[in-house]
Amino acid sequence: MSILSVENLYKTYGDKVLFDHISFAIADGQRTGLIGVNGTGKSTFLKVLAGIESAEEGEIVHSNDFRVEYLPQEPELNGNLNVLEQIYYGDSLMMQVMRKYEKALDELEKEPENPEKQNQLLKAQQEMDENEAWEANTTAKTVLTKLGITDFTRKVSLLSGGQKKRVAIAKALIQPADLLILDEPTNHLDNETIEWLEGFLSQYKGAFLLVTHDRYFLNRVTNKIYELEQGKLYTYEGNYEVFLEKKAEREEQAQVKEEKRQNLLRRELAWLRRGAKARTTKQKARIQRVEGIQEQKGPSAGGAIEFAAGTKRLGKKVIELEEISKGFEGKPFIKDFNYLVTPGDRLGIIGPNGSGKSTLLNILAGRIKPDKGSLDVGVTVSIGYYTQDHDELDGNLRVVEYIKEIAHVINTADNQTITAEQMLERFLFPRSIQHTYIRKLSGGERRRLYLLGVLMKEPNVLFLDEPTNDLDTETLSILEDYLDQFPGVVITVSHDRYFLDRVVDHLLVFEGNGEITRFQGSYSDFMEEQKLLKETETKQQKKPPENVPPKKEVRKKLSYKEQREWEQIEDRIAELEEKKDELEQGIAESGSDYGKIQEFMEEQKKVEEELEQAVERWTELSLMMEEIENNKKA
C-alpha cells in the first residue's frame, strides 16, 4: 500500500533541470536508498518530500495526518534545551506526554518532599500509561546511549559538533513518522556506531528514504534504490548490490540503442549527401527524420578514461616517525609512536572520533609539530593532501579555469598526456558544465572539484582525510579506480568500510588513549578479528577458574525451614500484590491530600521492595526443587 505518491514533479535550479516530470510512489515499510552524482539534486529531492522546499510543477499526494521526520546533513538544534528536551521536541501527543513526564521527574528530584511536585509526577505517569509511552521513552534513552550520549540533562549548546549530530539522529529515530528521511546519517559517525545504526534501521517498522555514501550501509538496510540522473528517476527493486547489476544492464541496453541510432543517422546522412534531383515531399520527410534523430539524446558519458596515473619520482626514503608524541589540553593523542612509511604503502587510519587520527595525518604532512620526537621526510616526496577543512574555492573562477591554474595536462605512467578537460570529464564534469562558475556548483560538486585539483598536482604521496564524507558513490568508485593504478603512497583517515576495503591493505588503529596498534590486512579482516577476540573473552569470563574444581553438592531434599518457606511463599506474594493494588487505589482516591499521598507512596515503596525480594526467593526455591527432582530421576 502506497503512503505517498508523486506525479510529474518538475524543479529547476538556475538553468539546470533537477527533476524532469518524475513520478514515483513510496509504499508502507519501503526502505529506499537515493543515489546520484553530487549536484543532481538529491538533498533537494529529500527537502521537497519533507515539505521544506517546493517544486514548480507536480503533485505530492498523501493522507491528511501523514507525518514526515527529516534529518538534514547539518541539523539545527536549540542550544537552550537539554538533550532529552531536544529529542522529545515535536507536536505529536507522544512527544508532549514524554516531555511532561521528564519535566515532572526532574522537578521532583529537585524538591522530593514537595506535594505539588509529587502530584504532577503522578499525573504525568498516568498520562504515560494512557498513551503507552513507556516503550518509546525507554527506546529514546537506549538510542541516545548507543549513540554515545549518556548525560541526558546536558545543554545542547555544550555539546561538540559530533555529539549534536548524534542527538539529531536520536530525535529523528524516535519521532512517530510515516516516512523517515535521512540525509547522510553516517557522516562523522565511527564504524561501531554505524554498525549499530544499521541494525536499528533493519528493524525499523516504518518507511524510510536515505542518502548515504556508505555502500555497505546502503546494501544492508535498503530494499529499493532510486537513482537520480540528469533529471530522470530510475527505480531498482533490491539493495545496492542489485542496483549495480541492473544499472550495468540498463547502460548496456542504452549503449546498444545509441549505436543503432548512430548507424541509422549515418545511413540517412549518406542518402541525403548523394542528393536527389528534386526536393520532393519524400526527401523533405527524410530531412526532417534526420533532424529528429540528431536531436535525440544518447547516454551520457561518465568517467570512462582509463589510464595508469603518473607521479613525480619517489625515492626509497618516504617518511619516518621516531618516538612521536602529541597531546592537547593534557590529553595524550599519540604516545611514543614509531613508524616507517615505505614506497607503495596503502595505509588506513581508524579509531573513535576525537582520538587523534587527523592529528597524525597533519604531523605527517608537516602542518603541525609533535610535542616530542622527530619526523624525517624524503627529498623526493611530493604530498597531495585532501583535507576536511580546505580553503573555499574561488567562486568567480570557472570549473576549467580552476583546474588549469593547477595544471593544463597530467602525464600517465606510459608517458602519454591527459588534458585538464579530459580529467574533468573523468571526474563527472562534462564539457557542457566545464565553463560554469564554481559559485554555481553544489557543495558536493565543489568537493569533487577540489579532489581533482589535489590529484592534478601529480603527488607521489597522497593523504586523504575522510574523503567519503561529501563525495557521492560514483565519485568514490572513480577515486578507488584511480588509486588502484596510483603508483605512489596512499594514507587515508576514513570510517567508510567499503572504501577502506578497496584502498588499503594495513591499518593503524587508534585506541583513544594515545596508543596506536598496527594491523596487517583489510578493514573487514580487522573487524572479523575483533569479533573473534570478543567471543573468546566472553567464553573465558564464563569459564570456571582453573585448578579449582567446582563443588558439586547433590541435594536430596529441602531443609525443614526451606520446605515451610516454599509452602507459604506463593501466598505471601499474593498478599503483597494485593496490598500494592490497595495502595495504588488509595493514592488515586486521595485527591489533593498531599500528606496522605506521601504516606501511601512511602508504604508502597516498602511493599514493592518486599514483593521483589519474595519473587527472587521464590525463584531460588523453585530452582532447588527442580534440582531435587532431576537428582531423583538420575
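**Exercise 1. Strand β6 and its partners**

Task: In this predicted model, which residue of β7 stands opposite Leu179, and how is strand β6 placed among its neighbours?

Solution. Leu179 has Ala207 of β7 standing opposite. The two strands to which these residues belong, β6 and β7 (residues 207-211), pair in the parallel sense, and five bridges are found between them. Turning to β5, one finds that this strand pairs with β6 over four bridges, again in the parallel sense, and that Val68 is the residue standing opposite Leu179 in that pairing.

The next step concerns the side chains. In a regular strand the side chains alternate between the two faces of the sheet. In β6, Leu179, Ile181 and Asp183 point one way while Leu180 and Leu182 point the other way, and all of them are buried. Because five of the five residues of β6 (residues 179-183) are buried, the strand is largely enclosed by the rest of the structure.

**Exercise 2. Two residues with positive phi**

Task: Where do Glu184 and Leu428 lie, and is each of them buried or exposed?

Solution. Most residues other than glycine have a negative phi, and most peptide bonds are trans. Glu184 is not a glycine, yet its phi is positive, at about 50°. The residue sits in the loop between β6 and α7 (191-202), and because its relative accessible area is 8%, below the 20% cut-off, Glu184 is classed as buried.

Leu428 likewise has a positive phi, near 70°, in a residue other than glycine. Its place is in the loop between α13 (420-426) and α14 (443-456), and with a relative accessible area of 12% Leu428 is also buried.

**Exercise 3. The packing of α3 on α4**

Task: How do helices α3 and α4 cross, and what kinds of residue make up their contact?

Solution. Two packed helices are described by the angle between their axes and the distance between the axes. For α3 (residues 93-110) and α4 (residues 115-130), the axes come within 9 Å and cross at roughly 150°. Since an angle over 145 degrees counts as roughly antiparallel, α3 is roughly antiparallel to α4. The crossing of these two helices is left-handed.

The contact is made on the α3 side by Val97, Met98, Lys100, Tyr101, Ala104, Leu105, Glu107 and Leu108, and on the α4 side by Lys117, Gln118, Gln120, Leu121, Ala124, Gln125, Glu127 and Met128. Sorted by character, the residues of this contact comprise nine nonpolar, three polar and four charged.

**Exercise 4. The packing of α5 on α6**

Task: What are the angle and axis distance for α5 and α6, and which residues form their contact?

Solution. Helix α5 (residues 134-146) packs against helix α6 (residues 161-174) at an angle of about 150°, and their axes are 9 Å apart. The two helices are therefore roughly antiparallel to each other, and α5 passes α6 in a right-handed crossing. Thr139, Ala140, Val143 and Leu144 represent α5 in the contact, whereas Ala170, Leu173 and Ile174 represent α6. In this contact of α5 with α6 there are six nonpolar residues, one polar residue and no charged residue.

**Exercise 5. The six-stranded sheet**

Task: What is the strand order of the open sheet of six strands, and which strands stand at its edges?

Solution. The order is β14-β17-β18-β12-β19-β20, and the pairing is mixed. β14 (383-386) and β20 (516-520) stand at the edges, and because each has a single partner strand, one side of each is left without a neighbour in the sheet. From one strand to the next the twist averages 15°.

Within this order, β12 (residues 346-350) and β19 (residues 506-510) run parallel and are joined by four bridges, with Val509 of β19 as the bridge partner of Ile350.

**Exercise 6. Asn80 and Thr473 in their surroundings**

Task: How far apart in space are Asn80 and Ser157, and with which residues is Thr473 in contact beyond its neighbours within four places in sequence?

Solution. Asn80 lies in the loop between β5 (68-71) and α2 (83-87), and at 59% relative accessibility this residue counts as exposed. Although 77 residues separate Asn80 from Ser157 in sequence, their C-alpha atoms are 6.7 Å apart in space.

Thr473, by contrast, belongs to helix α15 (residues 473-484) and is buried, with a relative accessible area of 8%. Once neighbours within four places in sequence are left aside, Thr473 is in contact with Ile35, Thr212, His213, Arg215 and Tyr240.

Notes. Residues numbered from 1 in each chain as written. Predicted model: local features only at pLDDT ≥ 70, side-chain atom pairs only at ≥ 80, totals over all residues. Heavy atoms only, no water. Axes fitted to C-alpha atoms, helices over the stretch in contact; angles between N-to-C directions. Parallel < 35°, antiparallel > 145°, perpendicular 65-115°, else oblique. Left-handed = near helix turned anticlockwise from the far one by under 90°. Contact = heavy atoms within 4.5 Å. Nonpolar A, V, L, I, M, F, W, Y, C, P; charged D, E, K, R; others polar. Buried < 20%, exposed > 50% of the residue type's maximum accessible area, 1.4 Å probe, protein only. Pairing = 2+ DSSP bridges.
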